[in-house]
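Me: I've got a model open and I'd like to go through the labels people put on it. Can you give me the reasoning behind each one?

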Amino acid sequence: WQWLRNDEVSQNFSLTEIVSKKSVFEVITSYISLGFQHILPRGTDHILFILGLFLLSAHLRPLLWQVTMFTIAHTITLGLAMNHIVQLPATIVEPLIALSIAYVGVENIFVKHLHRSRLFLVFGFGLLHGLGFASVLSDFGMPKGDFAEALISFNVGVELGQLAVISIAFLMLRFWFRDQQKYRRFIVVPGSVFISIIGGYWFLDRLELF
């Protein structure tokens, strides 16, 4: 079997030869690619969440701590979900993911400095986002013989995607870092308002109220 996407030509299928098992290298590269693509360019909601983390503190060390906590958390729930230990319907998970995005945006508006308590908050949101990642892997499928390799590779791809988002944001906004007051007034607050509005809209939309 292979994953088929819109407007992409599939690989050839042999009707005479026995289908060979993918090598570990092929499994690793394919799932790293899948994880990265789930962030860039397809993961708009996850991109906004990461940007929300970035806006409050553009300093590298606290930002990496937040991203690391987020990654550890979604790795835990992703593994549990793929082993059918923890499962929640998408009708619950997706609105809550949107709500987490809106919350981060609102918090950025009223909180001027990063507190350690946010690490626990990000960890909790990461547990939630991991359940969202699980739906992607469920559709794509997991190789039974290389389950651990595929799961770790997917998370590596997600982490690379998150770091790419942060790197792009840093390069685009580093000019404003020189003046923290202007950075907050013209970047942090407007950007956070935009994130909170989009997150709030997604929350209501995913509740199917419209």
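Me: Which residues touch the most other members of the largest nonpolar core?

Reply: Bear in mind that this is a predicted model. The core has 46 residues, and Y31, F49, F54, L78 and L137 touch the most other members. The elements giving it two or more residues are α1 (24–39), α2 (44–56), α3 (60–82), α4 (90–110), α5 (117–140), α6 (147–173) and α7 (180–206). With nine residues, α5 gives the most.

Me: What does Y31 contact, leaving aside its neighbours within four places in sequence?

Reply: Y31 is in contact with L137, F140, G141, M142, P143, A150, S153 and F154. For a contact, heavy atoms have to be within 4.5 Å.

Me: What makes F133 and F154 an aromatic pair, and why is the pair called edge-to-face?

Reply: Two cut-offs settle that one. Ring centres must lie within 6.5 Å to pair, and planes over 60 degrees apart count as edge-to-face. Here the centres are 6.1 Å apart and the planes are at 75°, so F133 and F154 pass on both counts. The pair links distant parts of the chain, as F133 is in helix α5 and F154 is in helix α6, 21 residues apart. Both F133 and F154 are buried.

Me: How many aromatic pairs does the structure hold, and which residues form one aromatic cluster?

Reply: There are four pairs in the structure. The cluster is made up of F49, F70, Y103 and F125.

Me: Why is α2 called oblique to α6?

Reply: Their axes come within 10 Å and cross at roughly 50°. Roughly parallel needs an angle under 35 degrees, and roughly perpendicular starts at 65. The α2 and α6 angle falls in neither range, so α2 counts as oblique to α6. The crossing is right-handed. On the α2 side, I47, I50, L51, F54 and L55 do the meeting; on the α6 side, Q162, V165, I166, A169, F170 and L173.

Me: And what makes α2 roughly antiparallel to α5?

Reply: The same kind of check, with another cut-off. α2 and α5 pack at about 170°, their axes 12 Å apart. Angles over 145 degrees count as roughly antiparallel, so α2 gets that label with respect to α5. Where they meet, α2 brings H46, F49, G52, L53 and L56, and α5 brings R118, V122, F125, H129 and F133.

Me: How do you know that W202 counts as buried?

Reply: Buried means under 20% relative accessible area. W202 comes in at 17%, so it counts as buried. W202 lies in helix α7. Not counting residues up to four places away in sequence, W202 touches T44, D45, L48, A98 and I101. W202 and L96 are 106 residues apart in sequence, and their C-alpha atoms are 9.7 Å apart in space.

Me: Why is G132 called buried?

Reply: The 20% limit applies again. G132 has a relative accessible area of 6%, so it is buried. Its place is in helix α5. Beyond its neighbours within four places in sequence, G132 is in contact with V93, E94 and I97. The C-alpha atoms of G132 and I97 are separated by 7.9 Å, with their positions 35 residues apart along the chain.

Me: What makes H84 exposed?

Reply: Exposed means over 50% relative accessible area. At 60%, H84 is exposed. H84 is found in the loop between α3 and α4. It also has a positive phi of about 60°, although it is not a glycine.

Me: Which residues does a cis peptide bond join?

Reply: L40 and P41, with omega at about 10°. P41 is found in the loop between α1 and α2.

Me: How many helices and strands does the chain have, and what share of its residues is buried?

Reply: The chain has seven helices and zero strands. Of its 210 residues, 41% are buried. Among contacts with a separation of 6 or more, residues 24 or more positions apart account for 83%. As for the overall dimensions, the C-alpha atoms fill a box of roughly 70 × 40 × 35 Å along the principal axes.

Notes: Residues are numbered from 1 along each chain as its sequence is written. This is a predicted model: local features need pLDDT of at least 70, side-chain atom pairs count only at pLDDT 80 or more; totals for chains, interfaces and linings use all residues. Side-chain values use heavy atoms; hydrogens and water are left out. A nonpolar core is a set of buried Ala, Val, Leu, Ile, Met, Phe, Trp, Tyr and Cys residues joined through side-chain atoms within 4.5 Å. Buried means under 20% relative accessible area, exposed over 50%, partly exposed in between (1.4 Å probe, protein chains only). Helices (H or I, at least four residues) and strands (E, at least two) are DSSP runs, numbered from the N terminus. Rings of Phe, Tyr and Trp (its six-membered ring) pair if their centres lie within 6.5 Å; planes under 30 degrees apart count as stacked, over 60 as edge-to-face and the rest as tilted. Axes are lines fitted to C-alpha atoms, for helices over the stretch in contact, and angles run from 0 to 180 degrees between N-to-C directions. Angles under 35 degrees count as roughly parallel, over 145 as roughly antiparallel, 65 to 115 as roughly perpendicular and the rest as oblique. A crossing is left-handed if the near helix is turned anticlockwise from the far one by less than a right angle, and right-handed if clockwise.
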